[in-house]
Structures are given as structure tokens and as C-alpha cells.
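Here is a colleague's note to read alongside the model, written as a series of numbered points. Please keep the structure open while reading, and look up each residue as it is named.

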Amino acid sequence: MNHIANEPEISADTAIDIFRTMYRIQATDQRIQQELAAGNLQFQYYPCGGQEAIPAAIAPSLQNDDLAVITYRCIHDIVAKGTPIRDILAEMFGKETGTSKGKGGPMHLSDPHSGLMVTTGIVGAGAPIASGIALGEQLKGTGRIVTCSFGDGAANIGAVHEALNLAALWQLPVVFICQNNLYAEYTSFERSTRSESIADRARGYGMPGERVDGTDPFLVYQAADRAITRAREGGGPTLLECVAHRLQGHSFGSDEAHMNAEALEAARAQTPLQLYRTQLLEQEIATDDLLTEIEAAADAEVTDALDFAHISKSPDDDELMIDIFDDPDHLPFDRPATDRQYSLPSAAGRSITYGAAINEALDQALAQDENVILLGEDIEDPAGGIVKATAGLSTKYGNERVRGTPISEQAIVGAAIGASLVGLRPVAEVMIVDFAMVCMDQIANHAAKLRYMSGGRTGVPITLRMLTAGNVGSFGAQHSQSLEAWFAHIPGLKIVAPSNAADAKGLLLSCIDDPDPCIVLESMRCYFTPGEVPVEPYKIPLGQADIARPGKDVTIISYGWAVIEALAAAEILAENGIDAEVIDLRSIVPLDMETVCRSVEKTGRALITHAAVEFCGFGAELAARIQQETWKKLKAPVKRVGARYSPVPFTQSLEAEHFPNANSIAQAARALNAFA
């Protein structure tokens, strides 16, 4: 068998396979552009011309079950990974036979069968997820590795830096591939960074870095093979920079005025595919007849895929509301009636604090399921978390399953997402809910949407624990907010807010077992409050509210620590002869409107109270729903009592004025009761 000159490890068969993949990429890319030009397709498309050699030369060193995370300029990557071109083009046309049933489109292609786990349209956001997938494979001991492709523009995104640091710290089996096409959208590489090389940054993270000519398949193959072998043998990650001039503007049809005209002309004159074809012929690795046969077969494959896409059906209308959650009954509206017979097991008088109940739930989850892992800042012993929620757990289960992380919220949540995609059940701690804003992209654009964008082919069973520190004094404006309305506005997220120790344990265990991303809002105000909690594991169904106090005159609806104030207000009202019923929602999504509406229909009056700012708070949604569904039974307008419209003040005297309390809630309820 012939071999490439001076490259004895590359066989002729491998060299020819690389050519075949490069040509299939080019044929697919060009056909998509032709369909766009003809008006048969309509979307923003990012051509890959000039970068074909990169994934094509990496592919031979990968095993079929190795995994990948890629970015929105992705056709070359997904073809090289092995996704059928039929599936790709059907997705481009939004057909039900596409990779994601038409729900993902060209920037969100997903094909777990070929190992393509995520394509993200958010620059740089895939890197933390890739680290998480690699963590999952490392913990399971599968020997599989992960490749993560992104552009030179993404190299300046914070999420990439967090992911590189985490991967190096934990020696994860991942290869980060920066496809440097010399332009970050419309900005040249020279105007994006003072670094001469992206690969040189690897030294700062303690990992190898290598820069190669991304138009030369032989050089890419060698560098990738070294990196992949290193990762597979436990040597940790590599940052591989492949430089390849882009052959046209940022997206299909965009101008090229920002590009160096001379360099662009030179790149077009000698494309990677043209150069490689000539090289194969000159070195007598392949004949012209063989390469022509390969080209004809690829053209026919793309034509067949295009015909398939044209004749495939568009998804049915009811597909719109499928794949938001694993169970469509968990959508926060029009839910079927739930079982009202549920009750907690007997606690036999056993009393522990809210925080101890959280710890017990985590302990029991770790004991019952080896796929459960914990991630978060300072969660390992001896710290055991800032409020000791994880105290003793790393000692009991080891630092592999209870992992302290760097202060890197994007890396933490991204790693949880990635690990969940390969079968783990991560419980990630975002220390304070305010910090969720730092990683909101991972939460809102990835955890919440990956099931939907993949057409149900992937799911994200993660639990995000977050402390809400309001009304405990001295935490101030950046550590005391309530952000549940933000989360509830994002389809795909489930949100629970327990108000007592028993619910804290039961809801957390339900979330850990749930197939969808769940956010658990833990009230610091409640953390050291005792309550009766059963010893054995139990789960409180999500979307089932609790009647915390029965009554007949007015319904007070709340969740989280505000339930404490609502119950205290009910006692004040009782002294005035007003019998208040208090509904503890427990979960915000899914939402138990059945219990709420039944209570309001009985009392004729509804008062909603929560710790979040009243203006545009979740209470507004509740008020609208109550008004809409029970208006014939209402004796008074629905009223809300939330936090005042100000940042949370530091001084406790002003903080007391900011948040609702028992007296302000009781005052509002008395006003409602004044209506006949």
C-alpha cells in the first residue's frame, strides 16, 4: 500500500477518505447556497468554504462513538462527524425527517447517533458543555473523547476561558479546536486580539497547544491524532488552532468589504480541496479516475438528499408544543387535574432544619444513584458549602462525585449540561441566585432549549440549586434578589421554591429524578428553621401546591420564604375575624392553577405575595390567570403585595421597608375583605 511521502503514519486509504469527506462537505455547502440563491431556502447561513480540511482530517483519528460539540458555522463539522446528508438537508428545509424534526435548523443541528451532541448558535458557549461531556465520559471510564470546535472570535469569549481552565484542572479527555478563519464575523483577527496565536494561550491553562495550517490535511491529521491520543490515554486536553482563510463573507450573501482582497483572491485561487486533489495525484496516492468517481458519488448523494428533503413532510402543527418538557403535562397551563391524595410520609415527630433537609436529600440521592454528581464552588469538605448544605458529602462519596469547582458559573452550569447529555444526573450549585445572571446563557439558551432544538433527541436532566438571600439582613443589592420570573419566562425550565424543611427535601429529590432542567430556589431565610421531615427518601410531585392553612374568607398565594409571612399574616387576620386560606405553590413551573382556582372560587378573594419586586413579578402572571379563570366568582379585584421597586438596600431598616411582611400582607387582605 502506498503512503504519503514523509508522513508514514497516514495510509493511502486514510488520505483518500479525507478527500472523500472534503468533497462531500463542499458539495453539501455549495448545494445549500444554490438553494438559498434560488429562494428555495430562507435562513441565515454561514458557509464553510476554506475550512473543509479541518474536520475531514480530524475524523480518521476519531472512533465512531466519540462525541462532538460544534458551533453555528457547522456544515463541514457535521458532515465529517457522520450525520447523513439526507437528515442535514431535511433539517435545512424544516422537515420532520430532519435531524431535529425541523425545530433546530442550520444553527442547532443535533445528531446523538453520530456523536454530535450540540451545535450552538451562541459564540463560544459550546466549550463549557464539551468539558461537561468529557467529565461524564471520564467518570464513566468509557475511553471516549470529545472534540469542541469554535472560531477565532469565540477564543475571546469568557465561557471558553472558563471551560479551558476547568478541562485542564480536571485533565478531561477533550480536544478544543479553534478553526481560525482570520475573521470574527466582520472583524479581522488582528483587530480582535493582540495575540499572534490562539494556541499559545494554552500555556496559561497548563495544557498543550499547537498551531497548524488548517488547509493542509496532512498537518491537521498529525496534530489532531497527537491530541486525540493524548486525551484518550488520560493526558488531558489540548488546544489545537487550525488556520484557514475563509473564502467568502461572514454569511451567505453578506459583503466582503471588510476582508483583505488580495489575501481572499489568493485563497480562492488555491482552495484546500484543489490543492489536496493535486497533491494526491502528484504523489500517486490516487488516480484521477478514482477521485472523479468519488466526486460523482458525492454529488449524487447530495442530489438524493435534496430530493428527499423536498418530498419530506413538514412537522404537524401539534409538534409546536412537543419536546419542551419530557412530559407535556408539565407545561404551566391547561394541565390535567392532579392527584390530590398525595401526602408526606410520617416524620414521627423528627425535626431537622431546612438546610439539614437539603443535605439529607443530596446524601440519599448520591447513595441511590451512582450517576448523581454534585458540582459547585466550595462544596467540598471541610467547607461543605457556604451554608453547610453539602457538609460531609465529599468525605462520604469522594471528590470525584462531590466536586468543588473554580469560581466559574458558566463552566459549572455548562459542565452540568454536558455531563447530563451522556447519562449523569448533575446537581450544580450556583451559590447565590443573583450569580445566575453570569451564566444565564447556559441556563436559558442551552439547558432550557436543547431538548426542543434537538427534536427530543437529547435531554438535560440537571438540577440547579440557588440560594435566595433576601430579608436576612446585610447582603445588599447584588446578593438578595428573587429572579423566578426571569426563569419562568423561559420555556423548558422547571422552577421550585420550597418554604419549609419537608418540602425542601421532597422537592429536591423530585428535581434530581426529573428528566428536565430544574431550578431549586432555596431561601436562606428558611435555612436554619426546623421542621418535621421523614427519614426515608420521598418525592413531592412537581406542580402540586399545598394548602398550608385552610380558610374561607380570602386566599393568600405565595411561595418560598414569603409563605412564612403569609402564614403570620393569616394569624393577624384571624384576630380580626378574617379566615385566610394560605396556598403554598411549592413549584412555579409546573404550576398548580387547579388548587389556586378552587380556593379562590371558594373565598372569592385572592391576594398574591412574593419576595420579588412586585412590578412585573410572577404575581402578575398569577393575577392575570386568576382573573381570567375565576372572574365570575371574584368578590374583589385580585391584589398583589411584592417587594418595592428598588434594589435591595443594605441597611436593615430600609430592607424591612423593601420586602413584604406579615403586617403589609394582612393590611392588603383586610382591604380585599372590605369588598362586599
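**Notes on the predicted model**

1. A pair of helices is a convenient place to begin: in this predicted model, helix H19 passes helix H20 in a right-handed crossing. The contact is made on one side by Met593, Val596, Cys597, Val600 and Glu601 of H19, and on the other by Leu622, Arg625, Ile626, Glu629 and Thr630 of H20. Sorted by character, the residues of this contact divide into 6 nonpolar, 1 polar and 3 charged.

2. The geometry of that pair can be stated as well, since two packed helices are described by the angle between their axes and the distance between the axes. H19, which covers residues 593-603, and H20, which covers residues 618-630, pack at an angle of about 60 degrees, and their axes are 10 Å apart. Because of that angle, H19 is oblique to H20.

3. A second pair is formed by helix H1 (residues 12-37) and helix H9 (residues 272-282), whose axes come within 11 Å and cross at roughly 150 degrees. That angle is why H1 is described as roughly antiparallel to H9, and the crossing of these two helices is left-handed. From H1, the residues Ala15, Ile16, Ile18, Phe19, Met22, Tyr23 and Gln26 meet Pro272, Leu273, Tyr276, Arg277 and Leu280 of H9. The residues of this contact comprise 10 nonpolar, 1 polar and 1 charged.

4. H1 appears again when one asks what covers the buried residues of helix H4. The cover includes H1, together with helix H3 (75-81) and helix H10 (288-311). Of the 8 residues of H4 (residues 85-92), 6 are buried, so this helix is largely enclosed by the rest of the structure. The buried residues in question are Ile85, Ile88, Leu89, Ala90, Glu91 and Met92, and just after H4 comes Gly94, which takes a positive phi of about 70 degrees.

5. Two single residues may be set side by side: are Ser188 and Asn661 buried or partly exposed? Ser188, which is found in strand S6 (residues 187-188), has a relative accessibility of 16% and therefore counts as buried, the cut-off for that word being under 20%. Leaving aside neighbours within four places in sequence, Ser188 is in contact with Leu182 and Tyr183.

6. Asn661, by contrast, has a relative accessibility of 28% and so counts as partly exposed. Asn661 lies in the loop between helix H21 (652-658) and helix H22 (662-673), and, if residues up to four places away in sequence are not counted, Asn661 touches Glu565 and Ala656. The C-alpha atoms of Asn661 and Ala298 are separated by 70 Å, while the two residues are 363 residues apart along the chain.

7. Turning finally to the whole protein, there are 22 helices and 22 strands. Its radius of gyration is 28 Å, which is close to the 26 Å that the globule rule gives for 676 residues, so the protein is as compact as a globular protein of that length. The C-alpha atoms fill a box of roughly 95 × 55 × 45 Å, taken along the principal axes. Buried residues make up 60% of the 676 residues, and, among contacts between residues at least 6 apart in sequence, 79% join residues at least 24 apart.

Conventions. Residues numbered from 1 in each chain as written. Predicted model: local features only at pLDDT ≥ 70, side-chain atom pairs only at ≥ 80, totals over all residues. Heavy atoms only, no water. Axes fitted to C-alpha atoms, helices over the stretch in contact; angles between N-to-C directions. Helix = DSSP H or I, 4+ residues; strand = E, 2+ residues; numbered from the N terminus. Parallel < 35°, antiparallel > 145°, perpendicular 65-115°, else oblique. Left-handed = near helix turned anticlockwise from the far one by under 90°. Contact = heavy atoms within 4.5 Å. Nonpolar A, V, L, I, M, F, W, Y, C, P; charged D, E, K, R; others polar. Rg over C-alpha atoms; globule rule 2.2 N^0.38 Å. Buried < 20%, exposed > 50% of the residue type's maximum accessible area, 1.4 Å probe, protein only.
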